[in-house]
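Reader: I'm new to this one and would like a close look at a single part of it. Could you walk me through the salt bridges, and then whatever else is worth seeing around them?

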Amino acid sequence: MALIETKGLTAFYRDFQALFGVDIAVDAGETIAIIGANGAGKTTLMRSISGVLANEPGAILHNNEPIGALPAPDVLARGIAMVPEGRKLFPSLTVEENLLVGGYGRKAQGQWTLESLYALFPVLKERRQSPATALSGGQQQMVAIGRALMSNPSVLLCDEISLGLAPAVVRTIYAAFPRIRASGASIVIVEQDIGQALKVSDRIYCMMEGRITLSGHSSELGHEEIHKAYFGAERHELA
Amino acid sequence: MNWLDTIVQGVLLGGLYALFAAGLSLVFGIMRLVNLAHGDLIVLAAFVILALVTTLGVSPFVGALMAAPLMFAAGWALQYFLLNRTLGKDILPPLLVTFGLSIVIQNGLLEGFSADSRRVSAGSLESASIALGPVNAGIMPLMTFLSAVAVIVCLNQLIYRTAVGRAFRATSDDPVTAGLMGIRPQRIFALATGLAMVVVTIAALYLGTRANFEPTSGPARLIYAFEAIIIGGLGSLWGTLAGGVILGIAQTVGAAINPEWQILTGHLAFLLVLLFKPRGLFPRAVD
Ligand SMILES: Nc1ncnc2c1ncn2[C@@H]1O[C@H](COP(=O)(O)OP(=O)(O)OP(=O)(O)O)[C@@H](O)[C@H]1O
Ligand SMILES: [Mg+2]
């Protein structure tokens, strides 16, 4: 039985349909990557799972229980935390306060505390009293990841953590993921960089125009297959 | 005229205005809600204290202590069940609803307590005073000012030193992302308005014991509260105290020159600050 499952998930922004029956499954301890071009619906999928967008109750299952209609705080209480696209740090809070607020709604025992996060990202300890938005982009992304980890989640959703960051900075951030995996959490990573996605994940889903166009084990998928699922058949033929 | 005495009285009066303003400032800071019924809620709390004092025979201080949890509950429910529904991108609905609420409260009080002018008696404390150097300060004005300082210290501790305070600030920044942290903005807003009503009760204690009040006294209190907040600069409670003090001094100095000028000089001071420092004297760094 999967830890998280979506079943025929649809999502709308008013009249506009962004997801057309998405089925994905995430097992305990697994790292999943979701790839797809701009506007494919990756963020919409993340926002649906995390409870920011309300859906049909049965469209999203956690431990086989319907959570599709739960609001975000209830989803978090079940151990599903999100690093939102664009980081969304709280500008009125210091770095340390941003981390602390991540543990507001769920006081679960686990390996992540202020101390262990400062060990994971030492630079944050130096900057702990700075306003969060005074940090560099990469450091801000570390705060956003740390903030989500403060609730000691069993599922960590990460939406485009490499967005707008230099390659070296992206490498430092992904270097933390083996230790996050080691905590036992399942991880769902939305990533536009296909190479990065294949490297970090066990399995991969490719999305296009609100649908899953390809899924499989990261080590087994061929480049051409992915390219086709990512850009669509016509673009592929042109290319 | 004794200048020093006039200024001290003005400073102490500023404490009362800061108390009027602190709750309004808290609510605005967290949910960008301008509560036009704030003054009427102060007057309502004064009537609640009056009713407790007259029916139970307790002192006004005990009355305020008993009124505080009632007002907290009323504020919580008001926010949770009514005002939360008005919050959104459009700033007009909360203004309209709280304006209506102001009228409802005034008429409710007229119905329940008549239009008579009332006062809550604080007994011998009313005329007691102590010498502060060369100046005689009334005990009640002094207590008002110290209460204002205490309220601001407590609110600042709460906002900047506790988990709930972090939730207040996070919600004020971004309620959707706050939800991802397990914060329920609707409840945070209700809690903030509940707390504001506790401050309102403290303000009402001093309003009711120091001066006469009637059901229609609210809007004038609202004006002083607004002026204190704007003079001080949005977002800073100490700024609000400074704003109250400036307003208080302007009024007592005006009154010392000509008793008819008290109200006018207060408003003039407000306009002058607005003219030269449109964002107030101590605005929060950047918004
Ligand atoms: N708030 C919104 N209102 C209306 N339409 C939206 C909204 N957010 C997203 N959309 C639309 O929904 C579709 C899916 O958007 P989504 O943000 O989920 O894509 P994405 O895969 O995350 O893209 P990106 O790689 O650019 O982040 C797009 O067509 C987008 O224009
Ligand atoms: Mg996206």
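Author: Start with B:Arg169 and A:Glu97, whose side chains meet in a salt bridge at 2.8 Å, N to O. This is a predicted model, so take everything here as computed. The pair crosses between chains: B:Arg169 sits in helix H6 (residues 163-173) of chain B, and A:Glu97 sits in helix H3 of chain A. As for cover, B:Arg169 is buried, and A:Glu97 is buried too.

How many salt bridges are there over all chains? The count comes to seven. Another one joins A:Asp74 to B:Arg184, again with 2.8 Å from N to O. That pair also crosses between chains, running from helix H2 (residues 72-77) of chain A, where you'll find A:Asp74, to the loop between helix H7 (175-180) and helix H8 (185-210) of chain B, where B:Arg184 sits. Are these two buried or partly exposed? A:Asp74 is partly exposed, with a relative accessible area of 24%, and B:Arg184 counts as partly exposed at 28%.

Now for a salt bridge inside chain A. A:Arg181 pairs with A:Asp202, and their closest N and O atoms are 2.8 Å apart. A:Arg181 lies in helix H8 (residues 177-182) of chain A, while A:Asp202 lies in the loop between helix H9 (194-200) and strand S9 (203-208), so the pair ties together parts that are 21 residues apart in sequence. Both ends are reported as partly exposed: A:Arg181 has 28% relative accessibility, and A:Asp202 has a relative accessible area of 27%.

A:Asp202 leads us on to A:Ser218, since A:Asp202 is one of the residues in contact with A:Ser218 once neighbours within four places in sequence are left aside. The others in that list are A:Leu198, A:Ser201, A:Arg203 and A:Ile204. Where is A:Ser218 itself? Look in the loop between strand S10 (211-217) and helix H10 (223-231) of chain A. A:Ser218 is in a loop, and it is buried, with a relative accessible area of 8%. Its side chain reaches the backbone nitrogen of A:Arg203 at 3.4 Å.

Back to helix H3 of chain A, where A:Glu97 sits. The loop between strand S6 (80-83) and helix H3 (95-101) holds A:Glu85. Which residues coordinate the magnesium ion, ligand 2? They are A:Thr43, through OG1, and A:Glu85, through OE, at 1.8 to 2.2 Å. A:Thr43 lies in helix H1 (residues 42-50) of chain A and A:Glu85 in the loop just mentioned, so this pair ties together parts that are 42 residues apart in sequence. A:Glu85 is partly exposed, at a relative accessible area of 29%.

That loop between S6 and H3 also holds A:Lys88. What's odd about A:Lys88 is a positive phi of about 50°, although A:Lys88 is not a glycine. A:Lys88 is partly exposed, with a relative accessible area of 38%. Chain B has a residue of this sort in B:Arg32: its phi is near 50°, a positive value in a residue other than glycine. You'll find B:Arg32 in the loop between helix H1 (3-31) and helix H2 (38-56) of chain B, where it counts as partly exposed at 43% relative accessibility.

For a buried spot in chain A, try A:Leu156 in strand S7 (residues 155-159). A:Leu156 counts as buried, at 0% relative accessibility. Leaving aside neighbours within four places in sequence, its contacts include A:Ala81, A:Val83, A:Ile180 and A:Val188. Also have a look at A:Ile189: A:Leu156 and A:Ile189 are 33 residues apart in sequence, yet 8.3 Å apart in space, C-alpha to C-alpha.

Last stop, the surface of chain B. A nonpolar patch there is formed by B:Ile257, B:Trp261, B:Leu264, B:Leu268, B:Leu271 and B:Leu274, and together they have about 560 Å² of accessible area. Which helix gives the most to the patch? That's helix H11 (residues 262-276) of chain B, with four residues. B:Leu264 lies in helix H11 and is partly exposed, with a relative accessible area of 48%.

Conventions: Residues numbered from 1 in each chain as written. Chains lettered and ligands numbered in written order. Predicted model: local features only at pLDDT ≥ 70, side-chain atom pairs only at ≥ 80, totals over all residues. Heavy atoms only, no water. Donors = N, O, S within 2.8 Å, 3.2 Å for Na, K, Ca; no water. Helix = DSSP H or I, 4+ residues; strand = E, 2+ residues; numbered from the N terminus. Buried < 20%, exposed > 50% of the residue type's maximum accessible area, 1.4 Å probe, protein only. Polar contact = N/O pair within 3.5 Å; in protein donor to acceptor, adjacent residues only side chain to side chain. Contact = heavy atoms within 4.5 Å. Patch = residues over 30% accessible without salt bridge, like charges linked within 9 Å, V, L, I, M, F, W, Y side chains within 5 Å. Areas by Shrake-Rupley, 256 points an atom, 1.4 Å probe, with all protein chains shown as cover. Salt bridge = Lys/Arg side-chain N within 4 Å of Asp/Glu carboxyl O.
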